[in-house]
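Open the model in your viewer and keep the selection box ready. This tour goes stop by stop: select, look, move on.

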Amino acid sequence: MLDEAKNRLLTQVGAGTPMGDLLRRYWMPIAAVSEFEDKSIKPVRIMGENLTLYKDLSGTLGLVDRHCPHRRADLAYGFVEQCGLRCNYHGWLFDESGRCTEQPYEDVAAPQAQFKDKIRITAYPVEVKAGLIWAYLGPQPAPLVPDWEPFAWKNGFVEIVFAEVPCNWFQCQENSIDPLHFEWMHMNWSVRLGDKLGPYSPRHLRIEFEEFDYGFVYRRLREGMSESDPMWTTGRVCLWPNTLFTGDHFEWRVPIDDRNTLSVTWAFTRVPKEREPYVQKSIPAWYGPVRDDRNGGWISSHIMNQDFVAWVGQGVVADRTKEHLGLSDRGIILQRQRFLNDLEAIARGEDPKAIIRDPAINQSVRLPVAERKLLVEGLPMAELLAHPILGKQYAGEYIFQAGQPPEVRSAFKAAMGI
């Protein structure tokens, strides 16, 4: 277990906190490109900061303070110009660097004062990659947005899914290095949710963890599996610092603040061989519900929603002073120690783990993928339907998160030829 001081150290993300300063050294996904097909402004809260993400009429993206420095009006209700975002209260205009470029009255009444040159607003760099909009809130020079290999895979249908989960980010990320929960939270609980008493999932017999350049790999050996199974030879990835990578999708746990987390999923589904070549014109994005409107409880019908139930059930901020960790929690301990080591590294002025600065390295960065053949080369529809986990997906059911909109489901079916 952790003492209270270390629990605070690992969970607090505000500006000036050690973990907040650490996480600000990484690019975070905050929105989807397709969200700006029908709007130009989106309010964003990340690591305790209220910001405004906008796309101006020239197509430039900007991320600036939520409030105008004039009279603190809400810039999420401003309007975009050819270059920049204008406050709807008195017309002050700001560009993506935070520079005030126009003050309509002051520019006329006292042009010699050049008052606008004295005004700047908080602004952060943003970049686009893989249909996501990424933000960097840390010190310069900024590292590169990681160019993970799956971002370049062909013949796949990609969708981006958001959810706002009312708990601290760290217990969400600890889920990323906890293989045993798969047996109980997703397999056995799903059996019981179906009003059945069995059969239960094959039990875990061995789990192993290995650190690599971009996080940790965990491997599992379950009843009925051989050591040649990809889940043992390749495994899954706890991607640093706040991501799970399963091979066909990424799940980022982006801190909104100390008490809330934005879950961001980038999911790739390979089309059947019969549907090649397939080129996706736009990556859809949608928000999935967390609560069940019928009874006010948490939705538990889908894989990630089951994870959400576990996370929020630990409390808004899990009290790790009351834990009793077991042998299956070795990955949890390794992850915590690595974060503590990273905090020491940045205190020495060094980069933390998994920062990429070399463009030569940042080209389709390869990660461990257990189902590489399926995802890269593809399989016929008959074999995909027979897959023990993804078969339901190819039959037309989105198994990962509740609330997929009908139009996204229709686009998915069209891509798959269902």
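A residue is called buried here when its relative accessible area is under 20%. Keep that cut-off in mind for the first stop. Keep in mind too that this is a predicted model.

**Stop 1: R236**

Select R236. It lies in strand β15, residues 236–239. Is R236 buried or exposed? Its relative accessibility is 15%, so R236 counts as buried.

Now show the surroundings. Skip the neighbours within four places in sequence, and R236 is in contact with F216, V217, Y218, M231, F245, T246, A370 and E371. Two of these deserve a distance label. Pick T246: its backbone oxygen lies 2.5 Å from a polar atom of the R236 side chain. Then pick E371: a polar contact of 3.0 Å joins its side chain to that of R236.

For a sense of scale, add E37. R236 and E37 are 199 residues apart in sequence. From C-alpha to C-alpha, they are 34 Å apart in space.

**Stop 2: strand β15 and its partners**

Widen the selection to the whole of β15. R236 and C238 point one way from the strand, while V237 and L239 point the other way. All of them are buried.

Add β14, residues 215–222. Four bridges join β14 to β15, and the two run antiparallel. To find the register, look for V217, which stands opposite V237.

Next add β16, residues 243–245. Which way does β16 run relative to β15, and how many bridges join them? The two run antiparallel, with three bridges between them. Here L239 stands opposite T243. Follow the chain from β15 to β16 and you pass through a hairpin of three residues.

Strands of a sheet pair through backbone hydrogen bonds, so turn on the backbone atoms to look at such pairing.

**Stop 3: an open sheet**

Move to another sheet. Four strands make it up, in the order β5-β6-β7-β8. The sheet is open and its pairing is antiparallel. Its edge strands are β5 (79–80) and β8 (100–102), each pairing on one side only.

Select β6 (residues 85–86) and β7 (residues 93–94). Two bridges hold this antiparallel pair. Start at L85: its bridge partner in β7 is F94.

**Stop 4: helix α5**

Select residues 180–193, which form helix α5. The helix has 14 residues and reaches 19 Å from its first C-alpha to its last. That is close to the 20 Å expected at 1.5 Å a residue.

Which residues of α5 are buried? They are H181, E183, M185, H186, N188 and V191. Show β13 (204–212) and α7 (303–313) as well: both are among the elements that cover these buried residues. Step just past the helix to D195, which takes a positive phi of about 60°.

**Stop 5: the largest pocket**

Keep α5 on screen and turn on the surface. The largest pocket holds about 1400 Å³ of space. Of the 45 residues that line it, the closest to its centre are F182, M187, I303, I389 and I399.

Colour the lining by element. α5, β14, α6 (230–233), β17 (249–257), α7 and α11 (391–394) each supply at least two residues. Which element gives the largest share of the lining? That is α5, with seven residues.

Technical notes:
Residues are numbered from 1 along each chain as its sequence is written. This is a predicted model: local features need pLDDT of at least 70, side-chain atom pairs count only at pLDDT 80 or more; totals for chains, interfaces and linings use all residues. Side-chain values use heavy atoms; hydrogens and water are left out. Buried means under 20% relative accessible area, exposed over 50%, partly exposed in between (1.4 Å probe, protein chains only). Contact means heavy atoms within 4.5 Å. A polar contact is a pair of N or O atoms within 3.5 Å; within protein, one must be able to donate a hydrogen and the other to accept it, and residues adjacent in sequence count only if both atoms are side-chain atoms. The expected span of a helix is 1.5 Å times one less than its number of residues. Two strands pair if DSSP finds at least two bridges between them. On a 1 Å grid over the protein atoms alone, a cavity is a set of points where a 1.4 Å probe fits but cannot get out, and a pocket is an open set with protein on both sides within 12 Å along at least five of seven lines; lining residues have an atom within 4 Å of a point. Grid points are joined across faces, edges and corners, and a volume is the space filled by probe spheres set on the points.
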